[in-house]
Amino acid sequence: IQARFSSSRLPGKVLKPLHGAPMLLQQINRVRHAQQINKLIVATSTQTSDTPIAQLCLENDIDCFRGDLDDVLGRFYHCAEQYAPANIIRLTGDCPLIDSAVIDAAISLHLETGTDYTSNCTKRSFPDGQDVEVFTFRTLELAHVNAQKPSEREHVTPYIRNHDSFTQSHLVQKHDWSEIRMSVDHPADFEFASQVYEHLYDTTPNFSLPDIIKLMQEIPELTKINQDIAYNEGYLKSLQQDKEQGFN
């Protein structure tokens, strides 16, 4: 799970209290329900501002790796290098509503197909905030060695997704929920997540994606909290940096 304190749109969001615990810790507790993950690691930066994240990990017996703030691809590679895994699952620390069953489904598809890269966010049918990417260590290594654009270094997987030399598989569900926003980048997103936890957590701590959808159907007002926010703002900003630095 990549996480940093210095979010430009909602600073400190990963440690904001969400239903009695830091948001990142709530997400980690949900991810731990995934049956096919062998080791969970938080990959944060060496910046002083991210020391509270490392401290949170220490206090909760969570492995933590600290690397470059902006070169997140390099951070992922050097983190993985220490553990030598066959496959890596990439999650981001702004997804406190992630469903562990979705994580397991992506891993299962990746292992069944034997592809270099598997995701549920290239051909999108899942909500933003349920994103899971799985790739082999060799694929990560090749991306780390060859990727040059700011967008490729900051967002880890664009180099992999945009090169035909990597084989890909896509997790797609029959329901198209791609227009629903469940990631946390803005105050309105955090309000949405808080409302979901308020309604579901006490009775079903490991509530599922269908549980959230059902809640939104029962309380339509929830849908209006954050659905006018643009998708993928951070990546679009990185693409602009690509142009400024002379990349096509």
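Is R181 buried or exposed? R181 is buried, with a relative accessible area of 4%. The cut-off matters here: buried means under 20% relative accessible area, so R181 qualifies at 4%. R181 sits in the loop between β8 and α8. The model behind these values is predicted.

## Overall build

The protein chain holds 10 helices and eight strands. Its C-alpha trace spans about 45 × 40 × 40 Å along the principal axes. The radius of gyration is 17 Å. A compact globule of 248 residues would have a value near 18 Å, so the chain agrees with that expectation.

Of the 248 residues, 51% count as buried. Contacts with a separation of 6 or more are dominated by long range: 70% of them join residues 24 or more positions apart.

## Surface and charge

The accessible surface of the protein chain comes to about 11700 Å². Carbon and sulfur atoms supply 48% of that area.

The chain carries 22 positive and 34 negative charges. The mean positions of the two sets are 2 Å apart.

## Helix α4

Helix α4 covers residues 100–113, which makes 14 residues. From first C-alpha to last, α4 reaches 20 Å. That is close to the 20 Å expected at 1.5 Å a residue.

The buried residues of α4 are S100, V102, I103, D104, A106, I107, L109 and H110. An α-helix has 3.6 residues a turn, so residues three or four places apart point the same way. The buried residues of α4 pack against helices and strands alike. The helices are α1 (23–31) and α9 (209–218). The strands are β5 (87–90), β6 (117–119), β7 (133–136) and β8 (168–170).

## Helix α1

Helix α1 is mostly covered, with eight of its nine residues buried. Those residues are M23, L24, L25, Q26, Q27, I28, R30 and V31. The list includes the charged residue R30.

What covers the buried residues of α1? The cover includes the strands β1 (17–18), β2 (21–22) and β3 (41–45). It also includes the helices α2 (51–59), α4 and α8 (187–200). Helix α4 therefore appears on both sides of the account: α1 is among the elements that its buried residues pack against.

## Buried positions in α8 and α9

V196 is in helix α8. At 0% relative accessibility, V196 counts as buried. Leaving aside neighbours within four places in sequence, V196 is in contact with L97, Y201, F207, I212 and L215. V196 and L222 are 26 residues apart in sequence, yet their C-alpha atoms are 8.4 Å apart in space.

I213 lies in helix α9. With a relative accessible area of 7%, I213 is buried. Not counting residues up to four places away in sequence, I213 touches W177, I180 and M182. I213 and W177 are 36 residues apart in sequence. Their C-alpha atoms are 8.8 Å apart.

## The loop between α6 and α7

Two residues stand out in the loop between α6 (150–154) and α7 (158–161): V156 and T157. V156 counts as buried at 1% relative accessibility. T157 counts as buried at 0%.

Which residues does T157 contact beyond its neighbours within four places in sequence? They are R90, Y117, E133 and F135. T157 and A143 are 14 residues apart in sequence and 7.8 Å apart in space, C-alpha to C-alpha.

## Positive phi angles

Most residues other than glycine have a negative phi. V156 has a positive value, near 75 degrees. H19 also has a positive phi, near 55 degrees.

H19 is found in the loop between β1 and β2. At 28% relative accessibility, H19 counts as partly exposed. V156, by contrast, counts as buried at 1%.

## Back to R181

R181 and Y201 are 20 residues apart in sequence and 19 Å apart in space, C-alpha to C-alpha. Y201 is also one of the residues in contact with V196.

Methods: Residues are numbered from 1 along each chain as its sequence is written. This is a predicted model: local features need pLDDT of at least 70, side-chain atom pairs count only at pLDDT 80 or more; totals for chains, interfaces and linings use all residues. Side-chain values use heavy atoms; hydrogens and water are left out. Helices (H or I, at least four residues) and strands (E, at least two) are DSSP runs, numbered from the N terminus. The radius of gyration is taken over C-alpha atoms; the globule rule is 2.2 Å times the number of residues to the power 0.38. Buried means under 20% relative accessible area, exposed over 50%, partly exposed in between (1.4 Å probe, protein chains only). Contact means heavy atoms within 4.5 Å. Accessible areas come from the Shrake-Rupley method with a 1.4 Å probe; for residues, only the protein chains shown count as cover. The place of a charge is taken as NZ of Lys, CZ of Arg, CG of Asp or CD of Glu. The expected span of a helix is 1.5 Å times one less than its number of residues.
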